[in-house]
Amino acid sequence: MGPQTRRHPLAEWFHRRGWSDLIIGLPYLWLLVLFLLPFVIVVAMSVATRTPTAPPFGYGGDNPVINLNGYARLLHDDLYIRAFLTSLLNAANAMILCLLIGYPMALGLTRVSKNWRNVLLMLVILPFWTSFLLRVYAWMGLMGKNSWFNGLLTSLWNWATPEGWAVTSIPMMHSNFAVVLVMVYTYLPFMILPLYSSLERLDPALDEAAMDLGTRPFGVFLDVTLPQSVPGIIAGGLLVFIPAAGELVIPTLVGDAAQPMIGRVISDEFASARDWPMASSVAVALLLIMVVPTMIYSHYQAKADTGERK
Amino acid sequence: MKRRPWFLFTMLAFGFAFFYIPILSMIVYSFNGSRLATVWGGFSTKWYASLFSNRQVGAALVLSVQIALISATVATILGTMAGLALARFTKFRGRLLFTGMVTAPLVMPEVITGISTLMFFILMADWVGWPGSRGFTTITLAHITFSMVFVTTVVQARVSQSDRAIEEAAMDLGSRPWQVLWDVTLPTIFPAVLSGWLLAFTISLDDVVITSFTTGPGNTTLPLLIWSKVKLGVTPDINALATLIVLAVGAGVIIAGIVLNRAEARRARDERLAYRANE
């Protein structure tokens, strides 16, 4: 498709009458005031100086106009570096596990009959609509020391390991393991859906052709299916990684308080320590870290789009 | 010859067990007679009874639904406008910034949206005296802002897919553009607008983080109430509340799915018939 040089008549009319100004202007203005302005405040706050006033920050006067203390502390204070590493590690683990579980599930979805497929897709999406908080909570019930699930795992462990290793329960709660497990649970649909939509588009004739040429089924998967699903893998991976890295609810409920994730650090700096400039510096740093994978994503997305157009 | 991919089917079975066992376990334990949430002590419905007599829960539910209804409706209006603008008005000043502002909230960590919105409200109160206190209004404004971009995404995708030729035909037949928008464009994108509304409604009803930053004293939504209790551990009355919410939402999603599917099928059939009549 070439670039549309002719204006849509509807757009033309609206433009003439000023309706287009209204249709564009209203959401534009809303986002400027309630999204962009708060965002600009965060960036400006990250270079402000903390003061004992209310609100707790200052510019100019006795304070430097641009105070980079917050950013300097990010690089020197262990707490922040460790929090960033914990977040990135947990998010990466969750992403990889989601991929390992989600890929065969998505591929399986493309192989079931059409009627089943709609039902199963509905079942994938359904947890996504039910309360996020309650899905985390459901796992708190399962992981607790006295739960049937923990009991089951404990007896499995005691059965499989030598006698000296016996335990009374498995300490799952309040650990990075718990965080990753619950992240996989809550974000798995985000991995399955883009994978499914990229796998669904593949032409089964290609598989058959490779099979006819003597490739073994696993070889077909490696040489034909996998390379073609890379856009789906990247989309799903980022849809899991990005929210997981900034997660606040899951680490607060099931995480290890001694190894906070970065979302928790931002929230604590802001609410408990009342250090707005520091909270903002951490927030800006987190956004910068997230911009990189997002750019990679849009790069691949653009590439996939031009590829399709050929 | 087609072989059944047993490995894939096994993974599907495990995956669905993983999805649903925690929820089923929670439902079963909501009927637990024991005060200890994770130790079975016989069947009982007493937690449901105590839930229904709990005024706090009722008030929180009403507040949450009010906020969700208002914010989803406003978010749908604004989001639909933005989606139409991005898909149909190809060129306008500041389009790049607009696209950015519509995309960025989708990937923004909630905690950052939370603190930025709270700082905005506090500073506005300092500078212009508004908002005087935080609560219903500030929560609703924050919810509208972060859910409207989801509506925009859904509507924009739909409008870009729909055929411009139908709108052009209506224009050629003498419809006024405002009529075209009302009679042609909006009915075509209606399923998208409806699912956008549902999405905005659930996002608002479900939100903890942004609400916890923008709320004020005495304004406890249902997720905030659950959040404050869940932080202290697993309790049987939360199991009961969770069961009711999960069942209500599940039923709602299934019904909405069926309605949307039907509407979509009807629209597709009408379109086919219209094309056939032209041939």
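This passage walks through a surface patch, a helix, a pair of domains and a buried arginine in a predicted model.

A good place to start is the surface. A nonpolar patch is formed there by A:Leu29, A:Leu32, A:Val33, A:Leu37, A:Val40 and B:Leu97, which together offer about 460 Å² of accessible area. Helix α2 of chain A, covering residues 19–45, supplies the largest share of this patch, with five residues. A helpful rule applies to helices of this kind: an α-helix has 3.6 residues a turn, so residues three or four places apart point the same way. Within helix α2 of chain A sits A:Leu37. A:Leu37 counts as partly exposed because its relative accessible area is 35%, a value between the limits of 20% and 50%.

In chain B, helix α5 runs over residues 110–128 and holds 19 residues. At 1.5 Å a residue, a span of 27 Å is expected, and the end C-alpha atoms are 26 Å apart, so the two values agree. Just after this helix, B:Gly129 adopts a positive phi of about 80°.

Chain B is also divided into domain 1 (59–222) and domain 2 (234–279). The C-alpha centres of these two domains of chain B are 21 Å apart. Contact between them involves nine residues of domain 1 and eight residues of domain 2.

Back in chain A, helix α5 (residues 114–129) includes A:Arg117. With a relative accessible area of 17%, A:Arg117 is buried, because the cut-off for that term is under 20%. Beyond its neighbours within four places in sequence, A:Arg117 touches A:Leu109, A:Thr110, A:Val112, A:Tyr196 and A:Glu200. From A:Arg117 to A:Gly214, the separation is 97 residues in sequence and 30 Å in space, C-alpha to C-alpha.

Conventions
Residues are numbered from 1 along each chain as its sequence is written. Chains are lettered from A and ligands numbered from 1 in the order in which they are written. This is a predicted model: local features need pLDDT of at least 70, side-chain atom pairs count only at pLDDT 80 or more; totals for chains, interfaces and linings use all residues. Side-chain values use heavy atoms; hydrogens and water are left out. Patches are made of residues with over 30% relative accessible area and no salt bridge: like charges are joined within 9 Å, nonpolar side chains (Val, Leu, Ile, Met, Phe, Trp, Tyr) within 5 Å. Accessible areas come from the Shrake-Rupley method with a 1.4 Å probe; for residues, only the protein chains shown count as cover. A salt bridge is a side-chain nitrogen of Lys or Arg within 4 Å of a carboxyl oxygen of Asp or Glu. Helices (H or I, at least four residues) and strands (E, at least two) are DSSP runs, numbered from the N terminus. Buried means under 20% relative accessible area, exposed over 50%, partly exposed in between (1.4 Å probe, protein chains only). The expected span of a helix is 1.5 Å times one less than its number of residues. Domain bounds come from an automatic or database domain assignment. Contact means heavy atoms within 4.5 Å.
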